[in-house]
Amino acid sequence: MPFRRREAALAKLITNGQLDARTDIPLSPSKESNKEAYKGLIGYAKPYRLTFLAVFGCIIVAIAADLLQPYLVKIAIDDHLMKGDRSPNTLFLIAGLYLLLSVAGFVFTFLQNNLLQKAAQGIVAAIRKKLFRHISKQSMSYFDRVPSGSLITHVSSDTESLNQFFSQVLLSVLRDGLTLVFIIALMFQLDVRMTLYCLILLPIIALNAIAFRSYMHKTYQMTRTNLSRMVAFVAENLAGMRIIQVFHQEREQQKQFDEKNRLYFRSNLREIRTNVLFNRSFEMMGNLSVAFVTWLGGNAVLGESLPFGVLFAFITYIRQFFQPINNISQQWNTLQSATVSLNRIWGIFGTVPEVRDAEKVRGVDASAVKGQIDFDGVKFGYKDGLTVIHHLDLHVKPGEMIGIVGTTGAGKSSLISLLCRFYDVQEGRVTIDGTDVRELPQETLHRLIGLVQQEPYLYSGSIIDNVRLFDETITREQVMEACRLVGVDTLIGRMKDGYDTRLSERGSGLSAGERQLISFARIIVFKPKILILDEATANLDSHSEQLIQEALTLVSQGRTTMVIAHRLSTIMGADRIIVMKQGEIVEEGNHKELLARGGYYEELYRHSQGQKVQQLTAGAAGGTGGVATPKKKSCGVGQRG
Ligand SMILES: Nc1ncnc2c1ncn2[C@@H]1O[C@H](COP(=O)(O)OP(=O)(O)OP(=O)(O)O)[C@@H](O)[C@H]1O
């Protein structure tokens, strides 16, 4: 569906309340989508059909072993004790059989749980794997729309709900359902009249379960909602902790957290209270039934129309009768939450990436690519009707270094996103060596381009792996050579474990400059034909910037390089500088030419020089050092957050 029509269709569904505005996933899934989702789930369960068959077998044996125990006691009472058969051998045999049944019940229940868990965990692991792969293939527009928090929930809790579907719901339906059938069959076999009396209780049990079910569902939903609100609040606070502390917002945040915590506490209490009430009401009905059976059966025993052993077995079965019904009713909430999770997961599976490989991709020999980049009449906007790039033409020669400057929101990063094909152009085309990027396989395209951003992404792992991004074909020596070239080897040498030092999450133990140098080493080992730097020096002090500048000179050699920078010092030496304003190129030339022109670039330069002088006279130690821009966005509290 074309972009515009798709957006309009989505907007309509969101307005009608059928879609979650943030995730595109149906809010209240239809019966059809439920059916589709469960069909899909069965597809994942198919490889485990033999395991499920074995589970079913174990369940039958375990139930039979449990339910035959009272029957055995009945035989001992009616056929032996009441008849005065005092033979110790018979009693010993019955006791031995009883013990054997208990052991069999234990062993087969253990086997049943083990096998079921193995199958359930296998299914969930396969779904989780596919989910992660599917999410990783989504376009950037998807990540703009869907908060990472919900994606984490889908991969962790939603898949866990599916596990509960197998290990709790399915197990309960099978085991408790079969137990009920077996109990009723045994009761009929013992005494038809007594069983019919007992079955009068069934409608009362059903009414009780229905009444509680709807109330329990409400309390369950309320608790989940309050929990997710509290978790989202904590996640948001952790992410913005610096801002909270700098602006002394701790007390205000604490107040808001207390309120969320209080609501969660109250809904949790209500849920527990309802659960206890439900369980106790079942237990009470169980006790009432025992009283009823004792009275009815006791009279029958006295009237000698019912053997005592049968009464004993009846009382035991009627006690066991309530447990499975209780268990099955308890699974209703789990089934509902598993259905919601399943729909959410299948909703993600159904999301087709907006940017994907063309049906007929062009095979390109990456080593033969020269690095010519052309933007021809490019028009682009993230949202319908809001154009960010207006019919832009830009031609970059192989090996040329282009600096890009401009006002905030001018579209500099968007231009780069189009070259990397994070988004597709709406008009015109972007080409590399004459081939439209939409015709290149994305894998080839991303191999051709090396991107260094303001905040380089480092993984928790060793320095070696962070440089070669876990690509084992890149040798340790190549990584060390690259680090030496960008000048980060001395720092690594000082670390306790050298190149094997494990970096913490996002490389938080390193300075911004050190992290940036490691990302430059990546460029050297991966040898992309095109190098892009998006504000790579924005966060650095003057010393680090100097190091990066030297590394840039080195890594840009023989590569087409595009550098977005707010600090003019980073791009002053570029072959060509383009100045952007509101999605258009307004000036173009080298540093000298642009200064001579006396336009926006010259104004930026003059302003930055003024700032530099001001900083020097104010004796500002550790300032920007380079040539700061008047609208420098990376300073100040906001950036520190
Ligand atoms: N993911 C997005 N979704 C919607 N709008 C976006 C998105 N990214 C950027 N924009 C908008 O597109 C316009 C251009 O943004 P872009 O990031 O390309 O500007 P920029 O020149 O790189 O700005 P800066 O110098 O501040 O980084 C801005 O108005 C911005 O608000």
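**Hairpin first.** I opened this predicted model at the hairpin of β11 and β12, where two residues lie between the strands and Q582 takes a positive phi near 45°. I then looked up how the two strands pair: β11 and strand β12 (residues 584-589) run antiparallel, joined by five bridges. For a register point I noted V579, which stands opposite E587 in β12.

**The other partner of β11.** Next I followed β11 towards strand β3. Strand β3 (residues 401-406) and strand β11 (residues 576-581) run parallel, and five bridges join them. Here my register point is I404, with I578 of β11 opposite.

**A tyrosine to check.** I moved on to Y601, which I found in helix α21 (residues 600-617). Is Y601 buried or exposed? I counted 24 C-beta neighbours inside 10 Å; the cut-off for buried is 20 or more, so Y601 counts as buried.

Which residues does Y601 touch, once neighbours within four places in sequence are left aside? I listed V405, I577, V579, E587 and L594. Two of those names were already on my page, as V579 and E587 are the pair I had noted across β11 and β12. I also took a distance to E588: Y601 is 13 residues from E588 in sequence, and their C-alpha atoms are 9.3 Å apart.

**Around the ligand.** I turned to the ligand and found twelve residues around it, of which Y382, G409, K412, S413 and S414 come nearest. Which element gives the most to this shell? My answer is helix α12 (residues 412-419), with three residues. By character, I sorted the shell into six polar, three charged and three nonpolar residues.

**Stepping back to the domains.** I wrote down the division of the protein: domain 1 covers 25-191 + 337-351, domain 2 covers 201-305, and domain 3 covers 370-597. How far apart are the centres of domain 1 and domain 2? Taken over C-alpha atoms, I get 23 Å.

**One record to set beside this.** I checked UniProt too, where an unreviewed entry lists residues 53-337 as "domain: ABC transmembrane type-1". I looked at what the model does over that stretch: residues 53-337 are 92% helix and 0% strand. The C-alpha atoms at the two ends of the stretch are 26 Å apart.

Terms used
Residues numbered from 1 in each chain as written. Predicted model: local features only at pLDDT ≥ 70, side-chain atom pairs only at ≥ 80, totals over all residues. UniProt positions renumbered as here; feature names shortened; annotations may be inferred. Helix = DSSP H or I, 4+ residues; strand = E, 2+ residues; numbered from the N terminus. Buried ≥ 20, exposed ≤ 12 C-beta atoms within 10 Å, placed from the backbone. Contact = placed C-beta atoms within 7 Å. Pairing = 2+ DSSP bridges. Near = placed C-beta within 6 Å. Nonpolar A, V, L, I, M, F, W, Y, C, P; charged D, E, K, R; others polar. Domains from an automatic or database assignment.
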